[in-house]
Amino acid sequence: MLRVPVGGQRLDILEWLRDPAAHFPPERHGSLVDGVDVATVATKLGVSHAVARTHLDLLVGVGLLRARRIGRRTLYRRDEYRIAEVRSLFEKGW
């Protein structure tokens, strides 16, 4: 899932969300601690909102990101616990 041609973008998203303040501009309506919205990710990737949402939804679906609705926006952030579990599986030779 992460190694397909668009997988590089998904890996980029995961890396950027490790430290959102270093990779994204400050939010006008909230804090980057809460997460990053689709529009911000789409702009950073240089893709449409639909493409960015597809990447984000896939990462949420496999449990690497968490989505949280705040008003009309959905904010995404890493699920560090799940990422650690997946890393452990690969290190054990899953």
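Let's call a residue buried when its relative accessible area is under 20%, exposed when it is over 50%, and partly exposed in between. With that in hand, take this predicted model and look at arginine 82: its relative accessibility is 29%, so arginine 82 counts as partly exposed.

Who does arginine 82 pair with? Glutamate 85 does the job, forming a salt bridge in which the closest N and O atoms sit 3.3 Å apart. Both residues belong to helix H5, which covers residues 80–91, and being three residues apart there puts about one helical turn between them. Glutamate 85 is partly exposed as well, at 32% relative accessibility.

Now move to glutamate 80, a residue that makes a salt bridge with arginine 78, with 2.6 Å between the closest N and O atoms. The two partners have their own burial classes: arginine 78 is buried, at a relative accessible area of 7%, whereas glutamate 80 is partly exposed, at 42%.

The next pair takes us to the strands. Aspartate 37 forms a salt bridge with arginine 73, and here the closest N and O atoms are 3.4 Å apart. Aspartate 37 lies in strand E1 (residues 36–37) and arginine 73 in strand E3 (residues 73–78), so this bridge ties together parts that are 36 residues apart in sequence. As for burial, aspartate 37 has a relative accessible area of 11%, so it falls in the buried class. Arginine 73, at 22%, is partly exposed.

How many salt bridges are there in total? The count comes to five, including the aspartate 37–arginine 73 pair we just walked through.

Conventions. Residues are numbered from 1 along each chain as its sequence is written. This is a predicted model: local features need pLDDT of at least 70, side-chain atom pairs count only at pLDDT 80 or more; totals for chains, interfaces and linings use all residues. Side-chain values use heavy atoms; hydrogens and water are left out. A salt bridge is a side-chain nitrogen of Lys or Arg within 4 Å of a carboxyl oxygen of Asp or Glu. Helices (H or I, at least four residues) and strands (E, at least two) are DSSP runs, numbered from the N terminus. Buried means under 20% relative accessible area, exposed over 50%, partly exposed in between (1.4 Å probe, protein chains only).
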